[in-house]
Every structure is written in C-alpha cells, then in structure tokens.
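Me: Could you take a close look at one part of this model for me, the place where the two domains of a chain meet? I'd like one connected walk through it.

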Amino acid sequence: MLLGFSIPAILVVIAIILIPIGWLFYLSFIGNDGQFTMEHYQKMVEYKSYKRVFFTTFQVSLFTTIICILIGYPLAYFLASLPPRVAGFFMLAVLLPFWTSLLVRTYAWLVLLQKKGILNEFAMNIGLWDTPLKLVHNMTGTLIGMAHIMLPFLVLPLLGSMKKIDKDLMHAAANVGASPSKAFWTVFFPLSISGLVAGSLIVFVLCLGFYVTPAVLGGGRVVMVSTQITAILENQFNWGAASALGVVLLISTLLVLYISSKIFKFDNALFGKK
Amino acid sequence: MKQFSKSINRASSLLLAAGITAAAGIATAAPVTVVSWGGSYGKAQDAALFTDAAKNSGIEIVRESGASMSKTCLQVESGSVNWDLVVTGSGGSASAAAKGCLEKIDYDVVDVSNFIPGTYTDYCVGSDVFATVMSWNTDKYGKPGSAGAPKTWADFWDVKKFPGTRAYRANNVDGVLEPALMADGVPMDKVYEVLSTEAGMKRAIDKIRELKPHISVFWTSGAMQAQLMKDAEVDMTTGWNGRFDNAAKDGAKVGYSFDQALLDYDCFAMPKGAPEKDTAMKFLAEVSKAKYQANLPFHITYGPTNKGAYDITTAPKELIEALPSHPKNVPLMLPVSLDWYAKNRVKALEMYMELISE
C-alpha cells in the first residue's frame, strides 16, 4: 500500500534524474563525429586549465563554506537563544534574501564593491583609505557574494538542530561546575554538529555547481567548472566535452559526500548501512 | 444513455472543428520569432529595423533576447526549434553552419545584389558592419586623435606610457589573438599568416600573458564593455565600437580609434527547421532592404551591409564618417578571417582558456 503511493515519486526520480544523468555519461564518450571516444577525458588530462578550474571550484566552495560557518554559527546560536516572538523577526531577516532574485543580489554586490562603487567612495570620503580597494572582479568579490547567497542554507538546518537541544542540559552542566564556555564546547557544540555538518554540506555542494555569482563578481578571473562548460558550449557547440566536465564534477561531488559521511559518521543517512 | 453519448460526440466534434480552425489560423498568421542580443544593440535593431519592417510587410514578429548559436544548435539537435531568425557574429554562424544547424538562405527571396561583398554567406545575411576596437577613458588618456592619446595595440600593451588597468575578452577567442600579434610588431596584413601556425598562436598567447597582470577584468558581453567604461572600472578595454559610442551618449568618458581595429560583421541566420521558415525568409528580405538599414546609424554606429543605405540615409556626414564601413575607415582595419577561425578556433580557445586559468 505504502509502496503504491511512492510509485509516482519513483517514476519522477527515474525520469528527471536517472535518465538525464545516464544520458550525460553517454554523451561524454561521444565525439563530434558521433563515434565512441575518450578524447574529452584525454583533453582534461592534457590541458592544465581543467585541473586549475577544478582546483578553483573546490577552493571557492571550501572558502565560502568556511565563511558561512564563521558567520552562520554565531548567528544561529543567537537566533536559537531568542524568545520565539523576537526570533521570528530576525528569522525574517535571514529569509528575506531568499525572496530576492539571485541575479539582483549579485549585481547589487557589483554596484557596492566596484572601484567607484558605494563602499569605496564612502570609505575614501571619510578617509578610511586613499586609493580604491580592489573588492570585486576577483576572488574577494566572489567569496563575499557567494557567502551572502549561501548563508541561509547553512543557518536553517543549523538552527533546527540547535532548537532541539534541551536547555536544561546547559543548566545541568553549570550545576556540576562547568564554566559557560566549557559547557558550550562539551555539551552544546557536540549536539549541534549534525545540523552544522548538514548545512555545510548543502552549502559546499551548491557552491560546486554555481555559475552566476562567480561569473559576475569574479570578473573572468575566477574560472569555475560551470564557466568552463559555458565557454565550451558557446564556442564549440561541443556537448561531449561539456558533458565530460559535468560527469567529473558529479563524481567528485559524490566523492566529497562519501568521504565526509565517513568522517562525520552519517553514512547511514546518505548511503544506507548494512 | 444513447442520447448522452450522442451529445458527447457532437460536442467533441465541435471541439475538434474549433481546434482545426484555430490550428489553421496559426499556420497562416503565426508570428516570426526574431532573436537578438541585449543592451543597446537589440534596442538599435528594434528602432531601426524590426518595428518598421514588421509594420510595412504585415508580418507579425515576436522579439526575444539572448541570441546564441549554441542555443540554436541545441534547439536543432533536440528537434524543438522555436526561433526563426537569430542574430549572430559572422564566425558563430560559420561554426553553426559547419555543424549543420542552419537553414540555407534563399537568395531568390532575399536580395543581396547591392550588398558589400563578403557580408553574406550561404547561411547568413549580413545585418551590420562593426569593429573590434580598443577604447579608453578619455579623462585619463585624452580624446582620440589628441596629442599623447593611445593609437595602436602597442599602446594598449604599453603600461608605462599609459599606466592603468585593462579589460580583455573572457572565455571566447574571437578577436583575442590578432591585437596581441600587432602589439608584438606583426604588420596588419601578416597577422593571419603568423597565426596559421601553432608557434604563431603561442606568440600571441605569450604577449597576452605579458599584459595579464594589468588586465583587471575579463568581459563577457557588449553590455559589460559599456558598463566597465561607464563606471570607469577599467582604463582601457577591447570591445565593439558601437557599444562605446552609445556609452558615450550616456555620459561615459570613453573614446576609441579604428587604427588596427578588427573589421567584422553581424548577420541573421535561420535555424534548420525554423517553424515559420517561409514567412521568416520574407521578413529577412524586408529587413535587409536599404531603407531600414539607412536608419541604423542613428541608433548605433554600425555600418549598413546594403550599399543602397549609404545613398538614401539622412544621417549627417559626421555620423556616416564614424561608421566602421566608411571608405575612410576600412583601410585602417584588419578584416577578420572566417577561414582562420574555421580551422583554428578550437585549438586557439583551448590555449586562451589555459592562459586565463593560470
């Protein structure tokens, strides 16, 4: 009976996930002449640019995740400690960016951060610095924009797990003589780790495939896998080469998920456990 | 019960009949989908070409933005073609035609007898002549032609004489290697000869590597070229001449010169299996007439491909002389070699991407 209910969902998964991914794998082995070929994968070994592009992609994703954790953890902690009515207001502030187009937010950062942008003009007017700082069209701008866009993806699961933590546990720790910081690190933090790991993984994986923000704020200097795929499609109409890049990105993403699931011991949730 | 099924039958046959007439109605008067680029280019085409041509020919059009030959090929290969006419660069149309994505132009319908030679092919009809130029911030380096203003690609590369930041093309090799060779001292008429070997391409790439520390932004579109100069985000960039004239109209402090620029043309292509092929061909014939092209210079400084337009245009002399296709300007420039791109684009792009990712 229950299985019957899930049949439509299973069919949808097959139709919109499994078949296209299978097709992606297939295309990546097809040359321009329609024959089987390994040339797309050979090219990735032959040219250094592909390795560098993958390195940049993982670097940007990792840095963005770290920035999100550094900002998001204290923020979620603050939200979790507020009384529900006040927390609602602050939650709105976290969620509000979700309702604005990604593109609009990205261009807003461009306007703020560029050479004659609002931030540089303001800082130079009040004498913080004399020559405009290079805040955008580089890695700095990319990370600022991506961290801003990704933050809610970290905060929401983290807040969920923090709210489930029984406050009495902290009081109990204090009763047996733990200092507030000791109570935090030995009681609260370990209990919040599941939410932190979930949020960080969502952010990291979303970053790996990100296109718009690095393309606009990176000024062409931060070349991610998605940028490379676009370049190949726009200039060579080469679906095979673009698919091969997609396949490698997909496999490396799965690899990251698998390794972190081993480290953080949530492999039963992701991959099932015998 | 019988009565019921009868009325159902009648209702469905009525519905069917209505459906058929609706379908027939669509077949005779379905609008032609015309796809161009964003920013000032598409707006100029609307103002000069599309609106009037649609009105005079009675052909209804739907205007879309985001023209791209790769999307065209994707539509053709997946068998769901929605576009009828697509704006493209000459090189893009050549690659798409080689992939079999384009419909042959019917030159019995489209009259190109008075076109500038070399501005149409079997698969593409020229819409305008443009130039890839270097432009600069006139507050910083002076007005074009004034003493001390930059003039050649060597000046673009000379960061001692012209200190400041540069922008260059991102993720696309069209018009990227030629300026580097000219900056390296290769005479204009020898550029494609040198580029025909891998050593020649490497020489160009090495020259760009030399400038790379000063390239603070790589641009991805014409709209971005204009924005970079409007915001004074960079001091000098490569780009398409009409975009800079329109940026200057908007108050940007920007100037450019045609010296050593790359002469090229944009054109209209038709995806293979375009849904309104015949009507679209008629619209293409209409829009290629001199009387519409004659209005183009008022909206963007790109030259008509139809020579008749130069005879009848009411544009003032200064405007005509500012067009890349003007006889005064053409000899200053290097015409882009479609032949070279057909042979070397893939290799050249790999080499350029290699450099950008360094």
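Reply: A quick word on terms: the domain bounds used here come from an automatic or database domain assignment. This is a predicted model, and it scores ipTM 0.83 and pTM 0.85.

For chain B, the assignment makes domain 1 out of 11–18, 21–129 and 265–332, while domain 2 takes 131–263 and 334–356. Measure from centre to centre on the C-alpha atoms, and domain 1 of chain B and domain 2 of chain B sit 28 Å apart. Where they meet, 19 residues of domain 1 of chain B are in contact with 19 residues of domain 2 of chain B.

Now look at the domain 1 side of that meeting place in chain B. Two elements give it two or more residues: α2 (39–57) and α4 (90–98) of chain B. The largest share belongs to α4(B), with 5 residues. As for chemistry, this side of domain 1 of chain B splits into 10 nonpolar and 9 polar residues, with no charged ones.

How far to trust the chain itself? Chain B averages a pLDDT of 91, and 92% of the residues score at least 70. The weak spot is the start: over residues 1–27 of chain B the pLDDT is below 50, and beyond near neighbours in sequence this stretch has 0 contacts in the model. Among the elements of chain B, helix α1 (residues 2–29) has the lowest mean pLDDT, 46, whereas helix α7 (residues 177–183) has the highest, 98.

Terms used. Residues numbered from 1 in each chain as written. Chains lettered and ligands numbered in written order. Predicted model: local features only at pLDDT ≥ 70, side-chain atom pairs only at ≥ 80, totals over all residues. pLDDT = per-residue confidence, 0-100. Helix = DSSP H or I, 4+ residues; strand = E, 2+ residues; numbered from the N terminus. Contact = placed C-beta atoms within 7 Å. Nonpolar A, V, L, I, M, F, W, Y, C, P; charged D, E, K, R; others polar.
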